[in-house]
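Please look over the sequence and the model below before reading on. The paragraphs that follow lead through its parts in turn.

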Amino acid sequence: MSKTKDARPAVQLIDIVFPGDTNHHGTLFGGVALAQMDKVAFLAASRHGRAPFVTASSQKIDFAAPAQEGDLVEVTGHLVRVGTSSLDVEVELVAEAPVSGERRLCTRGRFTLVARKGPTTKLPLPAMFECAPIEQSSVLRLAEMVFPGQTNHYGTLYGGDALRMMGKAAFIAATRHTREVLVMASSDRIDFVAPIREGDMVELVAEVKMTGRSSVRVAVEIWSEDLLSGVRVHAATAAFTFVAVNEMGTSKTIRARHE
């Protein structure tokens, strides 16, 4: 199927490898990596087709390098084929050492997803868009998904889970900006302006607003997106302050970066 001239950015999820995600070697479980890749493939497919998708298959996936405990993992998915009711998404998982910035491709795979037929499913699927590359900039954008276990009895995202997502996005943005070991010093004013519903895609937008002698301040926005309608809503805004620390846990001066 031919491509249109329009371009959409690829879907990107960035996470941190915590101890509960690792095996006895201190590296990311393959199953956890596959779950993250499948989530990104689902989000990319849903954003394109605006239909209820299910994963049909994945092609051979080779693990070329491990992701270590404490690494950032950047999972990016973009469309490579669109048919009448199915599509393929190619997904890459790259590990990044948070302080040195060293990056390595860990794994790459292709996932096939199929749109479930129903009264609201419009087929054939839209023609494939050319995915615009995700450019490195001072503004960090990353995607998440709201699952049932994260919602209250109203079917909306818990405030605590929203704060966790925003805090993680702020930490990643601050760490990439300073390449220092950081701890959260405070969370400033937080405004929740609209609910985020179960099944929504969440886009977090984090931007470093100030860098001091030993601290960095990051502003974060949450946007929710209904994956079937494409309607986007600004849901929350927050600001976080992080402090650079040394091996003893005391504050240190942030090194000047030379781009």
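In the hairpin of β6 and β7, how many residues lie between the strands, and which residue takes a positive phi? This is a predicted model, and in it six residues lie between the two strands of that hairpin, where G101 takes a positive phi near 85°. The strands themselves, β6 and β7, pair in the antiparallel sense over 11 bridges, and within this pairing S86 stands opposite V114 of β7.

Strand β7 has further partners. Strand β3, which covers residues 53-58, runs antiparallel to β7 and is joined to it by five bridges, with L113 in β7 as the bridge partner of T55. Strand β4, residues 62-63, also pairs with β7 in the antiparallel sense, here over two bridges, and D62 stands opposite R108 in β7. Beyond β7, in the loop that leads to β8 (130-132), comes P124, and the peptide bond that joins L123 to P124 is cis, its omega being near 0°.

Another part of the model is an open sheet of five strands with antiparallel pairing, in the order β9-β11-β12-β13-β10. Its edge strands are β9 (139-145) and β10 (182-192), each of which pairs on one side only, and neighbouring strands of the sheet are turned against each other by 25° on average, direction ignored. Strand β9 pairs in the antiparallel sense with β11, residues 201-211, over seven bridges, and E207 in β11 is the bridge partner of V139.

Helix α1, residues 30-49, lies across four strands, namely β9, β11, β12 (215-225) and β13 (232-244), and runs at about 95° to β9. Does the length of this helix agree with or depart from the span expected at 1.5 Å a residue? The 20 residues of α1 should span 28 Å, and because its end C-alpha atoms are 28 Å apart, the two values agree. Just after α1 comes R50, with a positive phi of about 50°, a value found here in a residue other than glycine. R50 belongs to the loop between α1 and β3 and is partly exposed, with a relative accessible area of 26%. A positive phi, near 55°, is also taken by R179, again a residue other than glycine, which is found in the loop between α2 (159-178) and β10. With a relative accessibility of 17%, R179 counts as buried, because the cut-off for buried is under 20%.

The interior can be taken next. In soluble globular proteins, nonpolar side chains tend to be buried together. The largest nonpolar core of this model has 34 residues, of which F53, L87, V89, V91 and L113 touch the most other members. Two or more residues are given to this core by each of β2 (11-16), α1, β5 (72-82), β6 (86-96), β7 (103-115) and β9, and α1 gives the most, with seven residues. For a closer view of one member, V89 may be followed: leaving aside its neighbours within four places in sequence, V89 is in contact with residues including A41, A44 and A45, as well as G77, H78, L79 and V80, and also G109, R110, F111 and L113. Apart from this core lies another, of 32 residues, among them A170, A173, I196 and A236.

Conventions:
Residues are numbered from 1 along each chain as its sequence is written. This is a predicted model: local features need pLDDT of at least 70, side-chain atom pairs count only at pLDDT 80 or more; totals for chains, interfaces and linings use all residues. Side-chain values use heavy atoms; hydrogens and water are left out. Two strands pair if DSSP finds at least two bridges between them. Axes are lines fitted to C-alpha atoms, for helices over the stretch in contact, and angles run from 0 to 180 degrees between N-to-C directions. Contact means heavy atoms within 4.5 Å. A nonpolar core is a set of buried Ala, Val, Leu, Ile, Met, Phe, Trp, Tyr and Cys residues joined through side-chain atoms within 4.5 Å. Buried means under 20% relative accessible area, exposed over 50%, partly exposed in between (1.4 Å probe, protein chains only). The expected span of a helix is 1.5 Å times one less than its number of residues.
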